[in-house]
Amino acid sequence: MARDETAAAHFDAVVVGAGLAGLYTLHRLRRLGLRVRVYEAAAGVGGTWYWNRYPGARCDIESMEYSYSFSPELEQEWVWTEKYPSQPELLRYIEHVADRFDLRRDIRLGTRVAAARFDEAASRWMIRTEPGEGAAQVAGDGLGTDSEEDAGQTVSAQFLVMATGCLSAVKGPEVEGLERFEGDCHHTGRWPHEGVDFTGRRVAVIGTGSSGIQSIPIIAEQAAHLTVLQRTPNFSMPARNVPLDPETQRTRKAEYPEHRRLARESVFGIPVDFPVKSALDVRPEERERRYQESWEKGNLVDILISYTDILFDRRANDTAAEFIRGKIREIVADPDVASALSPTDHPVGTKRPCLDSGYYATYNRDDVTLVDLRRSPIVEITPKGIRTTEGEHEFDDIVLATGFDAMTGALLSIDIRGKSGRSLREKWAEGPRTYLGIGTAGFPNLFIVTGPGSPSVLSNMVVSIEQHVEWIADCVAFLRRRGFASIDATVEAEDAWVEHVKEVGDLTLYPTADSWFMGANVPGKPRVILPYCGGVGVYRQKCDEVAAKDYEGFTLSS
Ligand code: N01
């Protein structure tokens with residue numbers, strides 16, 4: 001970005017992204033009287049729930065947990081229809097929030113933030129935008145609002161809040177030839193709005209993470225033949241999704257204040273009873289009973305907190321892992337397929353676990369084939385399909401359920417430059433460095449919502465988002481009250497936090513897996529634990545202490 005750029009408009013804060021994090025940031029900062037602008041690359045609000053429209057896309061945290069708590073009125077008036085909300089329902093909810101709190105007037109859709117530079121003399125961010133993926137649709141729909149600035153200009157802001165999401169930069173399959181494929185190819189994280197009709201078609205799905213596991217049973221019902229290309233099998237348990245009856249919903253709404261408090265103080269942002277026993281201190285029959293309870297419940301974290309040491313001790317973890325492998329063997333008729341679907345290379349929970357609806361049973365269908373990429377890796381994508389070391393498979397459609405450049409991908413896709421023009425990409429070349437996952441030294445007045453080094457993806461995201469947004473808003477209010485122009489993490493505080501995040505991570509089994517939590521899914525990405533494993537309750541306390549000590553670990557400048 002040229003140093004002599006002039007700003008087309010000036011804001012107190014610019015927020016990047018209009019998902020759950022960006023919308024709440026806008027609401028909170030506006031309540032402080034700030035002039036705020038939100039930029040969103042898509043043609044609509046919703047973030048994750050705008051993009052991930054693949055068949056079966058659904059949240060695996062319960063709807064009554066995975067929702068904002070900041071407005072008791074919103075909480076009481078919104079009616080959820082299912083235990084686990086589908087993508088369309090979540091998007092309707094987020095759109096409702098945007099309307100209910102009159103947020104849209106400060107959001108520019110179809111506008112991507114391409115670069116941001118901190119102007120030290122003015123103590124302001126200079127932010128350059130460009131047309132985003134949704135720009136053409138915004139123009140075509142007449143969705144644009146008359147604004148003093150257009151995509152392709154520079155604006156300035158005192159504060160820059162990155163609400164860019166942890167899982168928003170999509171990742172491809174890293175194989176040759178995708179551009180030569182003559183059929184249709186769709187990434188689950190960029191699914192066409194008009195949907196995809198697989199009727200009568202030969203479909204390939206690459207990837208068996210949450211997105212693959214949710215979409216595979218539904219695609220199998222439509223396609224003439226489905227081939228799943230699996231590199232690493234994942235642990236999945238039945239979601240047991242059900243409609244939410246009005247009585248249950250009424251009861252839960254009456255308990256909301258206490259329930260939300262417990263969520264905020266919990267480990268995963270979901271209130272659960274904490275275990276007291278080690279898995280290794282109980283008899284095998286008792287363990288089996290406990291794991292069976294988890295299997296029946298349809299809950300993402302229940303098995304992980306069934307005993308104190310599931311996420312800490314490989315032997316304890318093996319007992320839970322073997323229980324799930326036993327279930328796979330029971331469900332899947334072909335023993336070879338069951339074996340290929342059974343994870344043995346990572347402890348349960350160290351890759352993001354999955355909840356499914358009929359996933360394993362799908363492999364009993366005659367029109368579904370599993371290709372084990374560990375035995376026959378993909379060589380290339382050809383015009384007609386996919387060639388593995390065992391031969392060519394022909395397809396009409398390829399679905400890439402290959403995931404995301406998690407936690408850092410979206411942030412580093414923007415050319416962010418802090419003090420002395422130093423780029424964030426350069427600073428984070430060996431892995432992200434943050435203080436509390438919120439700030440990064442040398443980048444004053446830049447806040448990251450649920451950034452690396454915070455519990456984020458190891459929690460109910462809405463709980464973590466609200467905590468961060470409220471902390472950021474309180475911080476901004478403090479700065480204004482005390483007449484400070486900027487806040488910047490100190491290198492010492494940041495170094496200590498990065499070390500702490502690593503130390504806590506090393507107490508767990510997470511580092512033993514090649515997961516996106518570790519950055520291991522993207523070739524060349526530094527291998528470091530990205531989320532903070534200390535739990536949301538402990539983490540919140542730490543953040544509150546920092547604030548109570550007038551932002552200890554940050555430098556405040558007038
Ligand atoms: O992505 P993933 P996702 N060749 O990274 C495989 C959230 N989410 O989109 O494990 C062949 O989990 C890869 O194999 P491997 C949730 O937090 C939530 O499914 O790297 N295969 C893996 O099997 C989730 O964890 C919900 O060996 C390749 C798969 O693709 C996160 O988003 C729903 C490959 C990617 O799995 C990401 O989930 C959906 C290659 N080159 C998502 N590259 C709910 O709330 C990758 N793979 C339910």
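**View 1. Five strands form an open, parallel sheet in this predicted model.** The strand order is β7-β16-β8-β9-β12. β7 (184–187) and β12 (368–372) stand at the edges. Each of these two has a single partner strand, so one side of each is left without a neighbour in the sheet. Neighbouring strands here are turned by 20 degrees against each other on average, direction ignored.

**View 2. A parallel pairing inside the five-stranded sheet links β8 and β16.** β8 covers residues 202–206, and β16 covers residues 397–400. Four bridges hold this pair in register in the parallel sense. Which residue of β16 stands opposite Ala-204? The residue to look for is Ile-398.

**View 3. Three strands make up an open, antiparallel sheet.** Their order is β13-β14-β15. The edge strands are β13 (378–381) and β15 (391–394), and each pairs on one side only. On average, neighbouring strands of this sheet are turned by 25 degrees against each other, direction ignored.

**View 4. A hairpin connects β13 and β14.** Three residues form the link between these strands. β14 spans residues 385–388 and runs antiparallel to β13, with three bridges joining the two. Two facing pairs can be picked out. Ile-381 stands opposite Ile-386 in β14. Ile-378 has Thr-388 of β14 as its bridge partner.

**View 5. A second hairpin pairs β14 with β15.** Two residues lie between the strands. How many bridges join β14 and β15? There are four, in the antiparallel sense. Gly-385 stands opposite Glu-394 in β15.

**View 6. The ligand is surrounded by 26 residues.** The closest are Pro-173, Ser-211, Arg-231, Thr-232 and Lys-351. Polar contacts to the ligand involve both backbone and side-chain atoms, as three examples show. An oxygen atom of the ligand is 3.1 Å from a polar backbone atom of Asp-60. In the side chain of Lys-171, an N or O atom lies 2.9 Å from a nitrogen atom of the ligand. For Arg-352, an N or O atom of the side chain is 3.3 Å from an oxygen atom of the ligand.

**View 7. The largest cavity holds about 60 Å³ of space.** Rolling a probe the size of a water molecule over the atoms shows where empty space is left. By this approach, the model has four cavities of 30 Å³ or more. The lining of the largest one includes Phe-235, Ser-236 and Met-237. Asn-299, Leu-300, Ile-303 and Ile-324 also line this cavity. Val-348, Pro-353, Cys-354 and Leu-355 complete the list.

**View 8. Two strands contribute to the lining of the largest cavity.** They are β10 (236–238) and β11 (354–356), and each supplies at least two residues. Are the lining residues charged or nonpolar? Nine are nonpolar, two are polar and none is charged. Ser-236 and Asn-299 are the polar members. Among the nonpolar ones are Phe-235, Leu-300 and Val-348.

Definitions and conventions. Residues numbered from 1 in each chain as written. Predicted model: local features only at pLDDT ≥ 70, side-chain atom pairs only at ≥ 80, totals over all residues. Heavy atoms only, no water. Pairing = 2+ DSSP bridges. Axes fitted to C-alpha atoms, helices over the stretch in contact; angles between N-to-C directions. 1 Å grid on protein atoms, 1.4 Å probe; cavity = no way out; pocket = protein on both sides within 12 Å on 5 of 7 lines; lining within 4 Å. Points joined across faces, edges and corners; volume = space filled by probe spheres on them. Near = heavy atom within 4 Å. Polar contact = N/O pair within 3.5 Å; in protein donor to acceptor, adjacent residues only side chain to side chain.
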